[in-house]
Structure formats: C-alpha cells, structure tokens
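Let us take a walk through a protein model together. Keep the structure open beside you and find each residue as we reach it.

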Amino acid sequence: MLKKIHNADIIKVYNRKMKGVTHLKGITVNELFAPSDTLGYALLKSVTYPFEALGKISEYIKNIGPSLDPEIYENKGENIWIAKSAKVAPTASITGPCIIGERTEVRHCAFIRGSALIGNDCVVGNSTELKNVILIDTVQVPHYNYVGDSVLGSHSHMGAGSITSNVKSDKTLVVIKSGDERLETGLKKMGAVLGDYVEVGCGSVLNPGTVIGKSTNIYPLSSVRGVIPENSIYKSRGEITEKRHEH
C-alpha cells in the first residue's frame, strides 16, 4: 500500500545543499524567485541553486502525487496528476511523472515527455515540448518552444520559437559563467533558468547553463549564454542595459 507523504516531509527529504561551491551573484533560488506556496517552489526552496533540483523532479512528483487533494487533482495515468480545472487538448501527449496545475492550458500537439512539474495558470502551447522542467506558475511557453532540463519562474514568458539548448555541442558538463567566474554544475544536461517575470523574445536560443535574472527582457533572435542580471534588457552579448523606470 502506497503511503501518503505530506509536503513538509518531502521538503525534509530534499533539503540537501551543495558545499564548497563558488557563489555567483544572481543565480540562487532566493535571488531568482519570490516565495510562494506552489508545488514547484516547494521543491526549489529545498536547494540553493535551481539546477540542483533538476535531478529531483521525477522522484518529487512520484512522492507528492498520491497526496494531492483528490477534490482538485485527478490521477490520469501512471504518475500523472492533472487538475480538474486544467484544459488539456485531446491531441496533447503526456508521459509521467507529471503534475499539471489548476487552470493550466495544454494546447494541441503539446509533447510533455515526463518529469514535468507544471504549476497553476500556465500555458503549454501548440507543438511545445517539455522535458524535466519546473514551471512555477503563470508561465507561458505558448508556441513551438522546446524547454528541457530547465526552471521557469512565475510570470515568465518565452516567445514563439524560442528554445532552451540543454546539451553542449562537445558533450562536456555544463558550467555557469559570469564574467571570469564560473560554477560547475556537474550536469551533462542543463538548459536555462528564468527568474520571475522574464520575457524571452521570439526565435531566441538560451544556451546550456543560461541564467536570466528577474524582470529581464531578451531581444528576439538572441543567442544567450551565461548569467544575465535582473532588471536588464539583453540586446546582444555585448549590449546589456539596465531597465529605466520613469516616474
């Protein structure tokens, strides 16, 4: 008989933090995401860096799925729980482990390949592919996006055709870089981390190990790598400006 596990117990299990790593400004969970009571943030707050959660998504979903409120969620297959208020197109393909939150819309021909923790009020669009991801809540990946081994913060949006590249061309382990500083992730597969309220322009490629700070905008057709500061406008690799807020 499967034992129900409460969220508080899950957090204790996953509360392991990396030691002896270099701290790069703007890449921790606390710097990228506002605290919330979402399932995605519950996992993220148990680690220091978002990429630490990538290897834990599958087990986390399997453990908390059976304890989800049956008044809100339905078990729709092996390790698949979908909120009753979510709208899922009949042509969508969903493989577990997967949780799809309340009022989320999964559109025609979406391809969810597993280990996908999708929050409330999200949009997973036409022909969008997800694999090993956390979408915290109110995230939009609405048109022809590939998002793999990545974490997307609340209210983040990826424009049509923008993707995360999650494997380096030489197949070496992903390193997060900020200027002359670097942090080795120990992962062969890591896409991107988007902080809350990030806007990614159409047709952009987020290279392995990209981290984009809160409320930053990425110009269309950009090739992005490394750590991009919060509240910025990314025009090109050599042209990143701070947002100006006029009063």
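Serine 115 sits in the loop that runs between β7 (111-112) and β8. This is a predicted model, and in it serine 115 has a positive phi of about 55° although it is not a glycine. Is serine 115 buried or exposed? Its relative accessibility is 14%, and because buried means under 20% relative accessible area, serine 115 counts as buried.

Now look for asparagine 231, another residue that is not a glycine but has a positive phi of about 55°. You will find asparagine 231 in the loop between β23 (227-228) and β24 (232-236). With 27% relative accessibility, asparagine 231 counts as partly exposed, because that label covers values between the 20% limit for buried and the 50% limit for exposed.

The backbone has something else to show you at proline 97. The peptide bond leading from glycine 96 to proline 97 is cis, and its omega is near 0°. Proline 97 itself belongs to the loop between β4 (93-94) and β5.

Next, let us turn to charged side chains. How many salt bridges does the count come to? The count gives six salt bridges, and we can visit some of them. Start at arginine 103, which is partly exposed with a relative accessible area of 45%. Arginine 103 forms a salt bridge with glutamate 102, and the closest N and O atoms of this pair are 3.7 Å apart. That distance qualifies because a salt bridge needs a side-chain nitrogen of Lys or Arg within 4 Å of a carboxyl oxygen of Asp or Glu. Glutamate 102 is also partly exposed, at 24% relative accessibility.

Arginine 103 has a further partner, aspartate 121, and their side chains meet in a salt bridge of 2.8 Å, N to O. Arginine 103 lies in the loop between β5 (98-100) and β6 (105-106), while aspartate 121 lies in the loop between β8 (116-118) and β9 (123-126), so this pair ties together parts that are 18 residues apart in sequence. Aspartate 121 is partly exposed, with a relative accessible area of 32%. Put the pieces together and you have a network of salt bridges that links Glu102, Arg103 and Asp121.

One of the other salt bridges joins glutamate 105 to arginine 107, with 3.3 Å between the closest N and O atoms. Glutamate 105 is partly exposed, with a relative accessible area of 31%, and arginine 107 is partly exposed too, at 28%.

Charges can also gather on the surface. Which residues form a patch of positive charge there? They are Lys177, Arg182, Arg225 and Arg237. To find this patch, look for lysine 177 in strand β15 (residues 175-178); this lysine 177 is partly exposed, at 45% relative accessibility.

What about disulfides? A search of the whole structure finds zero of them. Two cysteines are still worth a look: cysteine 98 is buried, with a relative accessible area of 0%, whereas cysteine 109 counts as partly exposed at 44%.

Our last stop is valine 47, in the loop between α3 (39-44) and α4 (57-64). Valine 47 is buried, with a relative accessible area of 4%. Valine 29 is 18 residues away from valine 47 along the chain, and the C-alpha atoms of the two are separated by 7.4 Å.

Methods: Residues numbered from 1 in each chain as written. Predicted model: local features only at pLDDT ≥ 70, side-chain atom pairs only at ≥ 80, totals over all residues. Heavy atoms only, no water. Buried < 20%, exposed > 50% of the residue type's maximum accessible area, 1.4 Å probe, protein only. Helix = DSSP H or I, 4+ residues; strand = E, 2+ residues; numbered from the N terminus. Disulfide = S-S within 2.5 Å. Patch = residues over 30% accessible without salt bridge, like charges linked within 9 Å, V, L, I, M, F, W, Y side chains within 5 Å. Areas by Shrake-Rupley, 256 points an atom, 1.4 Å probe, with all protein chains shown as cover. Lys, Arg positive; Asp, Glu negative; His and termini not counted. Charge placed at Lys NZ, Arg CZ, Asp CG, Glu CD.
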